[in-house]
Amino acid sequence: LFRSTTIVTAQDIHDKGYNTIEEILKRTPGINFVNNGFGYIVDVRGQGVQGAAKNVKVLVDGSPLNILDMSHAILPLNSISVEDIEKIEIINGGGTVLYGGGTAGGVINVITKKTQEEPVKNKVYYQNSSFDTNKLGFGTSIKFADNFLLDLGYENINGNGYRRGDKRDGENLRGGFTYNISDNQTLRFKAARYKEESKESDGITKTQLNNDRKQAGTTLTESNLDRTEYSLNYEIKPIDNLTFSLLGYNQETVRDYDQKVPMNRRTTYKIDGFFKDKKNGIDLKGKYNYNLGEVIFGYGYIKNNSSRRAVHDLYMGSRKLATVSDTDINLQKNTHSIFLQDRHLFTSKLDGILGYRYEHADYSIYRNDRINIIDIKSKKNNSAYEAGLNFKYSDTGNIYAKYERGYRSPSPTEMVDKSSRYGYVLNNLKSEKYDTYEIGIKDMIGPSFVSLTGFYTKKNDEILINMVGHGVSWTYKNLQETERKGVELFAEQYFGSFRVNESVSYVDAKISKGTDKNKKIPYVSKTKATLGANYEILKGLNLTADLNYFSNSVDDNYEKIKGYSTTDLGVNYAHRTGLGVQAGVKNVFDKKYYKYKNGNSYIPEAERTYYVGVSYNF
């Protein structure tokens with residue numbers, strides 16, 4: 001009631017032939033993607049290429065997917081199989097009180113499947129798509145004695161990329177159980193492992209792009225990703241109006257990459273990088289319902305360790321000439337937080353919320369490049385507040401207003417500068433603080449559901465890096481003030497077997513104070529618009545169509561990045577026997593655009609692609 005929210009269901013995912021969460025979110029209202037040259041980063045409400053990874057929180061069944069060191073590593077969005085998803089909730093703008101720091105853009109909550117009615121449920125599926133990409137998988141769920149559900153699943157996706165030499169091979173293994181101990185107690189366990197091997201080359205020039213979009217760049221990055229996760233969730237309802245849940249989780253993400261950068265005909269610069277992110281967490285939540293409302297309260301603890309090793313060597317042929325640099329980094333951030341939110345019903349038509357969160361973070365930072373060493377500890381405290389009112393003016397319509405004061409404490413990486421004269425130096429970086437004001441209305445107008453939201457976010461001390469000489473030295477600084485303001489419109493209509501939805505999101509993101517006043521936040525499209533349609537020709541047979549439009553943006557040099565639009569068409573059929581068939585065309589009109597641009601370096605996106613798949617549920 002108090003937020004702008006979009007829901008993507010399992011049926012939506014199935015009907016449109018999505019292979020990855022990245023594909024799903026690209027076509028979701030209000031969601032944009034930015035690219036830092038290492039890969040796509042999901043963005044909400046104009047955070048930009050430096051802010052998106054740190055200000056959009058991604059949760060999977062309540063546990064955070066975000067990693068501690070985002071300097072080169074990319075959020076492993078695609079490590080979750082889309083076949084395992086029940087729904088995805090996208091909460092635009094804020095959420096610090098309930099979800100913690102780093103939510104100025106919003107929260108993406110991935111919820112996996114947990115229940116079923118059938119004693120046994122199995123699924124096998126196969127999909128072939130462009131660039132020799134094949135997806136093959138199966139899943140099985142068995143229900144024992146009506147109170148114990150066991151599920152297992154496996155999936156493999158492998159194929160070439162759009163450009164020559166690009167490749168990806170991903171493997172997902174998952175399993176778990178749900179045990180209903182009694183009518184008021186449930187225990188859930190989940191385990192998952194994802195492994196991926198990929199090859200991708202860097203950007204090419206505009207001339208090269210015009211001559212041959214599919215050609216490889218000069219630098220090839222070979223990468224291996226290995227991610228494991230275990231979680232255990234216990235829920236109990238001791239009395240009718242009180243519920244407790246305790247979530248414990250362990251995650252480990254390991255990524256290593258090798259890069260070969262030709263310097264001239266004879267010498268090559270080789271980079272060997274290794275990243276490891278380990279996270280242990282406990283999340284305790286309670287909900288108490290009273291006559292005129294409900295109180296949600298909780299405690300969270302996260303111990304997040306990150307290590308990095310980077311070795312840069314210069315080669316002539318196969319002979320190593322010198323080690324240019326050798327860097328070891330070990331980072332740790334331990335976070336304790338408590339929160340309380342009260343939703344109170346003043347009258348049958350008017351209710352409100354008040355919320356507060358307190359966070360304490362301890363830091364341990366070690367960096368050693370064989371010349372400079374820094375080994376320090378630090379700490380930071382932050383608080384968040386929220387207040388809102390919601391008025392139900394009719395049986396179908398409500399209007400709300402909300403204020404939130406949120407924060408993002410810096411990562412350990414951001415707390416250290418490096419200069420050519422003094423080496424590593426602990427800076428005095430402040431936490432980012434933001435104020436968001438939001439007003440929205442939701443109602444049924446004739447056959448149409450309409451949601452309209454307006455927002456304004458002012459952020460103080462937004463953290464930005466100034467890099468000199470490809471990592472020779474850098475400085476993190478707090479911008480004096482930035483602001484993001486905009487509107488989000490979503491509408492959906494039902495006409496019997498025909499469903500249509502439309503959305504427009506507009507955000508104006510810029511620096512509002514300081515020496516860079518009025519400069520745009522790079523890589524933020526002001527406008528994203530979507531148009532979707534689904535027509536059930538006959539029972540089980542559906543046609544789908546989706547149009548996505550992104551307006552112009554600018555790169556780091558404030559050069560224009562041209563906007564673009566894409567259109568996707570699909571057809572799917574589900575027979576009562578459990579047999580399903582899906583086929584479609586993405587980017588039907590063969591639009592040529594690029595996913596990354598910086599100066600005269602471009603990474604092109606795929607043109608028209610195809611997919612066809614078959615599945616069997618039994």
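A residue counts as partly exposed when its relative accessible area falls between the limits for buried, under 20%, and exposed, over 50%. The legends below describe close-up views of a predicted model.

**Figure 1. Two aromatic pairs join parts of the chain that are distant in sequence.** The whole structure contains 18 aromatic pairs. One of them, between F148 and Y179, is tilted, with the ring centres 6.0 Å apart and an angle of 55° between the planes. This pair links distant parts of the chain, since F148 belongs to strand β10 (residues 148–160) and Y179 to strand β11 (residues 167–182), 31 residues apart. F148 has a relative accessible area of 26% and is therefore partly exposed; Y179, at 31% relative accessibility, also counts as partly exposed. The pair formed by Y564 and Y593 is stacked, at 3.9 Å centre to centre and 10° between the planes. Here too distant parts of the chain are linked: Y564 lies in strand β33 (residues 564–574), whereas Y593 lies in the loop between β34 and β35, 29 residues apart. Y593 has a relative accessible area of 13% and is therefore buried.

**Figure 2. Five aromatic residues form one cluster.** F148 and Y179 are members of this cluster, together with F144, F177 and F189.

**Figure 3. Charged side-chain ends lie over the rings of F455 and Y315.** The charged end of R45 sits over the ring of F455, at 4.0 Å from the ring centre. In the second case, K270 lies over the face of Y315, and the distance to the ring centre is 4.2 Å.

**Figure 4. A salt bridge connects strands β16 and β17.** The structure has a count of 44 salt bridges. In the one between D326 and R309, the closest N and O atoms are 2.8 Å apart. Because D326 is in strand β17 (residues 319–345) and R309 is in strand β16 (residues 293–316), the pair ties together parts that are 17 residues apart in sequence. The two partners fall into separate accessibility classes: D326 is buried, at 14% relative accessibility, whereas R309 is partly exposed, with a relative accessible area of 33%.

**Figure 5. K418 and D369 form a salt bridge between two buried residues.** The closest N and O atoms of K418 and D369 are separated by 3.0 Å. K418 lies in strand β21 (residues 416–419) and D369 in the loop between β18 (350–368) and β19 (373–392), and the pair thus links distant parts of the chain, 49 residues apart.

**Figure 6. A salt bridge connects strands β27 and β28, and a further set of salt bridges forms a network.** K513 forms a salt bridge with E481, in which the closest N and O atoms are 3.8 Å apart. K513 is placed in strand β28 (residues 498–513) and E481 in strand β27 (residues 481–495), so the pair ties together parts that are 32 residues apart in sequence. K513 is partly exposed, with a relative accessible area of 40%, while E481 is buried, with a relative accessible area of 9%. Separately, salt bridges that share partners join K54, R408, E414, E432 and K459 into one network.

**Figure 7. Five strands form an open sheet of mixed pairing.** The order of the strands is β1-β6-β7-β4-β5. β1 (4–9) and β5 (63–64) stand at the edges and have a single partner strand each, so one side of each is without a neighbour in the sheet. Strands β6 (residues 85–92) and β7 (residues 106–112) run antiparallel and are joined by seven bridges; the bridge partner of K87 in β7 is I111. Helix α3 (residues 48–55) lies across β4 (56–60) and β7, at an angle of about 35° to β4.

**Figure 8. Strands β35 and β36 form a hairpin.** Strand β35 (residues 594–598) and strand β36 (residues 601–604) run antiparallel, joined by four bridges. The bridge partner of K597 in β36 is Y602. Two residues lie between the strands, and G599 in the turn has a positive phi of about 65°.

**Figure 9. The surroundings of A583 in strand β34.** Strand β34 spans residues 579–586. A583 counts as partly exposed, at 23% relative accessibility. Apart from its neighbours within four places in sequence, A583 is in contact with L569, G570, V571, Y611 and V612. Y456 is 127 residues from A583 along the chain, and the C-alpha atoms of these two residues are separated by 41 Å.

Notes:
Residues numbered from 1 in each chain as written. Predicted model: local features only at pLDDT ≥ 70, side-chain atom pairs only at ≥ 80, totals over all residues. Heavy atoms only, no water. Pairing = 2+ DSSP bridges. Buried < 20%, exposed > 50% of the residue type's maximum accessible area, 1.4 Å probe, protein only. Contact = heavy atoms within 4.5 Å. Axes fitted to C-alpha atoms, helices over the stretch in contact; angles between N-to-C directions. Phe/Tyr/Trp six-rings, centres within 6.5 Å; stacked < 30°, edge-to-face > 60°. Lys NZ or Arg CZ within 6 Å of the ring centre and 35° of its normal. Salt bridge = Lys/Arg side-chain N within 4 Å of Asp/Glu carboxyl O.
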